[in-house]
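Open your viewer, get the selection tool ready, and follow along one stop after another. At each stop you'll hear what to select and what is there.

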Amino acid sequence: MTTTADTAPLCQLEDIPDGNAIEVEAVVAGEPESLLVYRHGSQVSAFYNVCPHAGRRLDYAPGRFLVRNGLIICAAHGATFTGGDGHCQSGPCKGDRLRAVPVTVLNGTVHLA
């Protein structure tokens, strides 16, 4: 799904498996972007789909992410990021973080904030 307006829905909360992440395409600040959208219960976080270490995508295949125990794992170099805040816990970019994109959930729909 690609969204072009800041108020357009990104996805439905139920589209994101609890404790996992999906990719959505959206226009952010006028630019088309690949976003990683992570869910933990009713909480949702979104980040640019880019590892801060080398600028590569986090997914191991288009739209497929490695997520274990609340950690998002970069498929390229194995860096791990906490799903809620994107903080790098281990790997070549330890101490850095994913670039967050503010989102909100309204009536079960995830929107850009």
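**A short tour, starting at an arginine**

Select arginine 68 to begin: with a relative accessible area of 52%, this residue is exposed (exposed means over 50%, buried under 20%, and partly exposed in between, using a 1.4 Å probe and protein chains only). A quick word on what you're looking at: this is a predicted model, where local features need pLDDT of at least 70 and side-chain atom pairs count only at pLDDT 80 or more, while totals for chains, interfaces and linings use all residues. Residues are numbered from 1 along each chain as its sequence is written, and side-chain values use heavy atoms, with hydrogens and water left out.

Arginine 68 belongs to strand E6 (strands, labelled E, are DSSP runs of at least two residues, and they're numbered from the N terminus). Now add glycine 41 to your selection. It sits 27 residues from arginine 68 along the chain, and their C-alpha atoms are separated by 15 Å.

**The open sheet**

Next, colour E6, E7, E8 and E9: these 4 strands form an open sheet in that order, with antiparallel pairing (two strands pair if DSSP finds at least two bridges between them). At the edges you'll find E6 and E9 (88–90), each pairing on one side only. On average, neighbouring strands here are turned by 35 degrees against each other, direction ignored (the axes are lines fitted to C-alpha atoms). Strands of a sheet pair through backbone hydrogen bonds, either parallel or antiparallel.

Zoom in on E8 (residues 80–82) and E9, which pair in the antiparallel sense over 2 bridges. Which residue in E9 stands opposite threonine 80? Click across and you'll land on serine 90.

**Two loops off the sheet**

Go to asparagine 69, in the loop between E6 (66–68) and E7 (71–73). Asparagine 69 has a positive phi of about 50 degrees, although it is not a glycine. Its relative accessible area is 84%, so it is exposed.

Then pick alanine 76, in the loop between E7 and E8. Alanine 76 is partly exposed, at 29% relative accessible area. From there to tyrosine 38 the C-alpha to C-alpha distance is 19 Å, with the two positions 38 residues apart in sequence numbering.

**Into the cores**

Now select Leu35, Val37 and Val110. Of the 17 residues in the largest nonpolar core, these three touch the most other members (a nonpolar core is a set of buried Ala, Val, Leu, Ile, Met, Phe, Trp, Tyr and Cys residues joined through side-chain atoms within 4.5 Å). E2, E3, E4, E5 and E11 each supply at least two residues of this core, and E3 gives the most, with 4 residues. Apart from it lies another core, of 15 residues, among them Leu58, Phe65, Cys74 and Phe81.

**Last stop: around E11**

Select asparagine 107, in the loop between E10 (103–106) and E11. Asparagine 107 has a positive phi of about 50 degrees too, although it is not a glycine. With 82% relative accessibility, asparagine 107 counts as exposed.

Is threonine 109, in E11 (residues 109–112), buried or exposed? Threonine 109 counts as buried, because its relative accessibility is 13%. Show side chains here: a polar contact of 3.1 Å joins those of threonine 109 and glutamine 12 (a polar contact is a pair of N or O atoms within 3.5 Å; within protein, one must be able to donate a hydrogen and the other to accept it, and residues adjacent in sequence count only if both atoms are side-chain atoms).

Note on methods: Axes are lines fitted to C-alpha atoms, for helices over the stretch in contact, and angles run from 0 to 180 degrees between N-to-C directions.
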